[in-house]
Amino acid sequence: MNLSQLSRALDERTEGLVRNRVLLASADSTNAVARGIVRSFLDSDIQPPSFLVVAVRQEAGRGRLRREWLSLPDRGVYLSLVIASQGEEELASLPLLVGAGVSRRISQICGCQCRLKWPNDLMVGGRKVGGILIECLTRGQAASGAVIGIGVNYSGSEEVSAVGGIGMDEITQELPELPEVVAEIAVAVEDELQHIGDMAYAVARSREVSEHQPGDSIRFRTGEGVQQGTFAGIDDRGHLILLGSRGVEIRLSAGDVVEERKDKRYEP
């Protein structure tokens, strides 16, 4: 994939907020590039504009808790979308909307069932095909920006398989070219962001694509250490509901650490 091909694919498929773009052959990480641009606006007390950062490869891709994200050249979708975000309702709805939108679009592209392992892992057949990392930056009361980082395995590899992952090309034999897939993922997010702040819509969409089933055992980490609970649903605020020991109800926000996984190295 060269940058001209990527630019053409985005021109053909996207509009609106992704018209502002930074297209890179290589980057430490698209989220790092996006954060740097956002900070330059915030330091001048200017609300950052919406824009998209896409890289052909990442040298230091990261997920949640600074875990490494494998980012081989021309083997994956590596993008970050920046939007202005104000208010708790918008921020609370963001991970639900993005997760549901991307999982649905992968399902459409690959003819599969891509599910969301709460709050940010994209799963196909129990194997991870992608992940989402959302970071919010603020400066005072007036200016803020949300950086939506998305990584999707376009091509499978021994390295991806070794950590329990799967590539889109292992799911379908009719996979579009990588630039088209990048554009489709960006559009999927753009479509869902029309509903930002609508928690009822966001929760409903998230429930529809949930990987978790009632009774699933899930480990999680809090300030008190690693604990375990049984999945009991997603509440109207988008919190994960677990039943702990003796039936005690536990509710986790998207910022809490869920430990239900096979591998830790490449988890967003």
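Which residues touch the most other members of the largest nonpolar core? In this predicted model, they are Ile106, Leu122, Val129, Ile148 and Ile150, in a core that holds 40 residues. Nonpolar side chains tend to be buried together in soluble globular proteins. Ile148 gives a view of the surroundings of one such residue: leaving aside neighbours within four places in sequence, Ile148 is in contact with Asn31, Leu79, Ser80, Leu81, Ile83, Leu94, Val98, Leu133, Ile134, Val189 and Leu193. A second core, separate from the largest, consists of 14 residues, among them Trp118, Ile218, Phe231 and Ile250.

The chain as a whole comprises six helices and 12 strands, and buried residues account for 50% of its 268 residues. Among contacts between residues at least 6 apart in sequence, 64% join residues that are at least 24 apart.

**Helix packing**

Two packed helices are described by the angle between their axes and by the distance between the axes. Three helix pairs are set out below.

| Helix pair | Angle between axes | Distance between axes |
|---|---|---|
| H3 (residues 88-110) and H5 (residues 178-192) | about 140° | 8 Å |
| H1 (residues 3-13) and H5 | about 40° | 8 Å |
| H3 and H6 (residues 199-208) | about 35° | 8 Å |

With an angle of about 140° between H3 and H5, H3 is oblique to H5, and H3 passes H5 in a right-handed crossing. On the H3 side, Leu97, Val98, Gly101, Val102, Arg105, Ile106 and Ile109 take part, and they meet Val181, Glu184, Ile185, Val187, Ala188, Val189, Asp191 and Glu192 of H5. By residue class, this contact of H3 with H5 divides into 10 nonpolar, one polar and four charged residues. Ile106, which belongs to this contact, is also one of the residues that touch the most other members of the largest nonpolar core.

H1 and H5, whose axes make an angle of about 40°, are therefore oblique to each other, and their crossing is right-handed. H1 contributes Gln5, Leu6, Ala9, Leu10 and Arg13 to the contact, while H5 contributes Pro179, Glu180, Val182, Ala183, Glu184 and Val187. The residues of this contact of H1 with H5 comprise seven nonpolar, one polar and three charged. Glu184 and Val187 of H5 thus appear in the contact with H1 and also in the contact with H3.

H3 passes H6 in a left-handed crossing. Here Glu89, Ala92, Ser93, Leu96, Leu97, Ala100 and Arg104 of H3 meet Met199, Tyr201, Ala202, Val203, Arg205, Ser206 and Glu208 of H6, and the contact of H3 with H6 divides into eight nonpolar, two polar and four charged residues. Leu97 of H3 takes part in this contact with H6 as well as in the contact with H5.

**Loops and backbone geometry**

Most residues other than glycine have a negative phi, and most peptide bonds are trans. The peptide bond from Trp118 to Pro119 is cis, with omega near 0°, and Pro119 lies in the loop between strand E4 (114-117) and strand E5 (121-124). Asp45, a residue other than glycine, has a positive phi near 55°; Asp45 is placed in the loop between helix H2 (30-42) and strand E2 (51-58), and counts as exposed because its relative accessibility is 64%.

Val248 lies in the loop between strand E10 (240-243) and strand E11 (249-252). Not counting residues up to four places away in sequence, Val248 touches Leu242 and Leu243. Val248 and Gly229 are 19 residues apart in sequence, with their C-alpha atoms 9.1 Å apart in space.

Technical notes:
Residues are numbered from 1 along each chain as its sequence is written. This is a predicted model: local features need pLDDT of at least 70, side-chain atom pairs count only at pLDDT 80 or more; totals for chains, interfaces and linings use all residues. Side-chain values use heavy atoms; hydrogens and water are left out. Axes are lines fitted to C-alpha atoms, for helices over the stretch in contact, and angles run from 0 to 180 degrees between N-to-C directions. Helices (H or I, at least four residues) and strands (E, at least two) are DSSP runs, numbered from the N terminus. Angles under 35 degrees count as roughly parallel, over 145 as roughly antiparallel, 65 to 115 as roughly perpendicular and the rest as oblique. A crossing is left-handed if the near helix is turned anticlockwise from the far one by less than a right angle, and right-handed if clockwise. Contact means heavy atoms within 4.5 Å. Ala, Val, Leu, Ile, Met, Phe, Trp, Tyr, Cys and Pro count as nonpolar, Asp, Glu, Lys and Arg as charged, and the others, Gly among them, as polar. A nonpolar core is a set of buried Ala, Val, Leu, Ile, Met, Phe, Trp, Tyr and Cys residues joined through side-chain atoms within 4.5 Å. Buried means under 20% relative accessible area, exposed over 50%, partly exposed in between (1.4 Å probe, protein chains only).
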